[in-house]
Every structure is written in C-alpha cells, then in structure tokens.
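Dear colleague,

Please find below the structure that I am handing over to you. My notes on what was found in it follow directly after.

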Amino acid sequence: MNIKKLTTKIILGTLLLCLSTFSTYAGFGISPTDFNHKFLKPGSTFEKEFMISRSVSLEEMDITIEPTFEGISSWFTYTPSQTFKFKSGQSTITFKIKAQVPEDAKFQDYDGVFRVKAVPSNQEVKGVTITQGIRLDSDLVVTEEDVRSLSILSIKVLDSELNQPIKVQLVGENLGNVDASPTIKVKIMNLNMELLEEHEIVNFGFIKPNQTSTLTGEFDTNLPSGEYFIEVQVLLDAIELRKDRLVFLINNIPVDETSDENDTFSFINSIFTDFKENFPSILIGSLSLLLVYYLIGKMWKLSGLAQKAGKWWALLLGSHKYTRVALSFFLALQIMLLVIFYPLVKEISNKEDAEIGETQGAQDSTLPYPTLNVFPEIAVPKYMIYQNPDINSQILYEAKEDETFDVIEENENWYKVKIENGQYGWLQKVLVKSNNTQER
C-alpha cells in the first residue's frame, strides 16, 4: 500500500468531517428515569427532581419537557419552567416536575410519558440537526385507600450536656398518602454494653405525604457525663422501620470561675453608665457635702475654737473655708460610696456563705459516683381503642390491663372489638398479649 496515498485519504477524511453540517450531541442522560406514584389521593401533590447530565457537547442548549397524557397534562407544573436553557459549559442541570391531583380526580391509573428534548440554542447552525430526547415513563395511580409508608433515611443522636435532655434527629421520607408519625424506642448502654436506661418517644411529629422532613425528639436522662452507646429503633404502626446503634457524649461543662469577678466589674461600670439608677446616691452625697460644710463652719464659730482658728492643725480641721470645702467633699464622698457599695458587699457575702454551705453539703453526701445503673420509671402503656383502624382517628375507650373483649372482625394489624357501652372500636393487635377468639 502506498503510504503517501493513505496519508492523503486520512487528511481529506478529516477535513470533510470538520466541514460537515450534520451535528449530533451524544452523552446525554437523565436520573431518575421515571415519574411514578402508586397511591395518590384526590387533592394531593407529588413532586420529583431530575438531573440531566452530558459528557460530550457542552454548548448552550434549549430543553423542552413535553408531556403525553390523556386528559391530565394540566395537572403538571415545572421548575424552573417547561422550557429552559442548558447553559454553555454546564455538565449537569436539574429540574422538577410537580403533579397536583384535582379533588374530583377519578380512582384509576393514569399512564403517560414525558419527553425531554434538547436542541442547540445557536440558530445559525446550518444543515441537519439531530434533536436529542429522553423518555420518562409515568404511572400515576389515584386511590381512595389510606397508605401509611415511611422510609427512614438517617438517624442522628446529638451530644448533650450534663442534666440536659438527649435529642434524637431522624430524616424520613413519606412514601404514603397520609401523614406519618413514627415512634422511637431507645436503649442506652455503657461501653461494656450493659443496659442503663430505656425510653420511648411518641408524638414525634408528622411527615406529610410525598415529603422528606427532619424530626427531632428528646428525653430526659439521669446519666453522668461520659461516652455511651445508644440503640435507636424507629417504628410505624408497631412495625420496625430501622434500627441503628450509635455513640454519643454527655459533656460536663465547667462553671466559669471568673463569672463573679465579671459581675463585680459590671456592677461598678453600671455606676458610671446608669446615672438614673444611681441618682439617689448622688443626691445623698450632695446633701451630705452641704451639711458637713455647714456643721464644720458652725463649729469654728464657737467662742472656745474661734481663737485657735489660725493654728496649723485648725486649718486641717476646716477652720478656713477652702480646707472646709475639701474636708466636706471628702466626708460626703465616703458617705456616697458607702450607700452605693453596701448592696454589693452584702451580695458578695451572701454568695460566699452559699458556696460554703454547698461545699459542706457535698462533703456530707454519701452517694457513689458515677451512678450508672439508672432505670427511670417507664410510663404504663395505654391500650387505646379507636373509632377506625387508624391511630389518628377518634379514641373511643382506654382499656385497662387484663381487660377482655369479644372480637367481631379483624384485619392484618387490627381487631374490631365490642366495648362495654355497646359501641364497636378497633384495637391494635400488637397490644393483645393473649388471643382467645373462637372460630365462628
């Protein structure tokens, strides 16, 4: 083969490829790939976020979302909009599709497709252009059935401080069509895996359908500072959703020993900054100044002292008006400071007495430390009988321990029972410790 001819053909082929007006845009994808929900209720909403990614062409493109449904295209809204730009240089972009189910929607399946199309924004491109498209299959089911389904995405226990509640955070996604409220059961163990405390958190808060939310609950503890294991079990309608074992700390925050000093300086500073508050003390000092000046002047007018007013020691004791002013000011200042600082001195003295009492009390204590085997009283469980097989329905009756009922009907998780007043209600199966029902 002639090397020269082969080289010529390669060069010509490259030039023809560069000059071609036939443009394609490969490496175009989307995630997730569907818009499905199996149990929507009339009046509910369902929203999902999608990400478009590309790996080859990074030029600006126009993205258009085209729904193909029979009669329900008006249900959908789009964020940022139904048509938006994939800007130059971006490799990924996100958008959302939201379905708003009307109140009068029929109970049935609604199948359809979303086609996400991408074309170059540059209108000057000549020749033939391939429009890239992505297909999103959609299967929406509108039902009258109540479906309670919750997915726990994460569990977190926050570090705490001594004598403060322990906080538990969980992130949950409601996959059902009614509000869902989980129950939390926790066991706290030391590092030797010995059980120290057990707690249960109910009324943890609700997560609305088709939403992801963070719920926070807390419980009190008597544990001392230290590091502990905690086992967190999340349940919904007595069914375990997730169980994690974590580590958390209870910190002992030391008391700031300089706080008393800071309080003292703050008090002194307030004397000079808050004139209104200290006005009575200043008034007393001023009156004292005038009174002392007047009394000293009267004293040196007496016949026995007037003859000695010229001596040096008499001058120091206020026989002359200038030394009398200085002496009066000094005595008045002492009186004013005494009025101001007396409450502070009394407060400091009371604090010292209190600290001495606390120290003596601590020395007299015979309680061992640390106290690990702490089992706080666990609340007695309540056996609620509801109007419907739903913990959110009306409570008809609160059953007592060992009380017996006749079973009228049952489903997977509930018994329908007859109450003393002749009403019928629903009792959760997990609350029944023995089953003596007979076949009918």
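**Salt bridges**

A search of the whole structure finds 12 salt bridges. Please bear in mind throughout that this is a predicted model.

One of these bridges joins Lys117 and Glu66, whose closest N and O atoms are 3.1 Å apart. The two residues come from distant parts of the chain: Lys117 belongs to strand β8 (residues 109-120) and Glu66 to strand β4 (residues 61-69), with their positions 51 residues apart. Lys117 counts as partly exposed because its relative accessibility is 31%. Glu66 is likewise classed as partly exposed, at 32% relative accessibility.

Arg148 and Asp390 also meet through their side chains in a salt bridge, at 2.9 Å from N to O. This pair, too, links distant parts of the chain, 242 residues apart. Arg148 sits in the loop between β9 (132-142) and β10 (150-157), while Asp390 sits in the loop between β18 (383-386) and β19 (395-399). With a relative accessible area of 23%, Arg148 is partly exposed. Arg148 and Asp390 are further linked with Asp237 in a network of salt bridges.

A further salt bridge is formed by the side chains of Lys208 and Asp179, at 4.0 Å from N to O. Here the partners are 29 residues apart: Lys208 is in the loop between β14 (195-201) and β15 (212-219), and Asp179 is in the loop between β12 and β13. Both are partly exposed, Lys208 with a relative accessible area of 46% and Asp179 with one of 29%.

**Overall architecture**

The protein contains 6 helices and 22 strands. Of its 440 residues, 29% are buried. Among contacts with a separation of 6 or more, 64% are between residues 24 or more positions apart. The exposed surface of the protein is about 28,800 Å², and carbon and sulfur atoms supply 54% of it.

**Nonpolar cores and a surface patch**

The largest nonpolar core has 31 residues. Within this core, the residues with the most contacts are Phe35, Ile52, Phe76, Phe95, Ile97 and Phe114. Leaving aside residues up to four places away in sequence, Phe114 touches a set of residues that includes Phe35, Phe76 and Ile97. Glu66, the salt-bridge partner of Lys117, is also among the residues that Phe114 touches. A second core, separate from the largest one, has 25 residues, including Ile152, Ile188, Leu196 and Leu236.

On the surface, Leu283, Leu287 and Leu290 form a nonpolar patch with about 300 Å² of accessible area together. Leu287 lies in helix α3, which spans residues 275-299.

**An open sheet**

Five strands make up an open sheet in the order β11-β17-β16-β13-β14, with mixed pairing. Strands β11 (160-161) and β14 stand at its edges; each has a single partner strand, so one side of each is left without a neighbour in the sheet. Within the sheet, β13 and strand β16 (residues 226-236) run antiparallel and are joined by 7 bridges. Met189 stands opposite Phe229 in β16.

**Two individual residues**

Leu175 is placed in the loop between β12 (166-174) and β13 (183-189). Is Leu175 buried or exposed, or does it fall in between? Its relative accessibility is 36%, and therefore Leu175 counts as partly exposed. The C-alpha atoms of Leu175 and Lys38 are separated by 9.6 Å, although these residues are 137 residues apart along the chain. Not counting residues up to four places away in sequence, Leu175 touches His37, Phe39, Ser149 and Ser151.

Gln428 is found in strand β22, which covers residues 424-428. Gln428 counts as buried because its relative accessible area is 14%, and the cut-off for buried is under 20%. Beyond residues up to four places away in sequence, Gln428 touches Asp237, Ile391, Asn413 and Trp414. Asp237 is also a member of the salt-bridge network with Arg148 and Asp390.

With kind regards

Note on methods:
Residues are numbered from 1 along each chain as its sequence is written. This is a predicted model: local features need pLDDT of at least 70, side-chain atom pairs count only at pLDDT 80 or more; totals for chains, interfaces and linings use all residues. Side-chain values use heavy atoms; hydrogens and water are left out. A nonpolar core is a set of buried Ala, Val, Leu, Ile, Met, Phe, Trp, Tyr and Cys residues joined through side-chain atoms within 4.5 Å. Buried means under 20% relative accessible area, exposed over 50%, partly exposed in between (1.4 Å probe, protein chains only). Contact means heavy atoms within 4.5 Å. Helices (H or I, at least four residues) and strands (E, at least two) are DSSP runs, numbered from the N terminus. Accessible areas come from the Shrake-Rupley method with a 1.4 Å probe; for residues, only the protein chains shown count as cover. Patches are made of residues with over 30% relative accessible area and no salt bridge: like charges are joined within 9 Å, nonpolar side chains (Val, Leu, Ile, Met, Phe, Trp, Tyr) within 5 Å. Two strands pair if DSSP finds at least two bridges between them.
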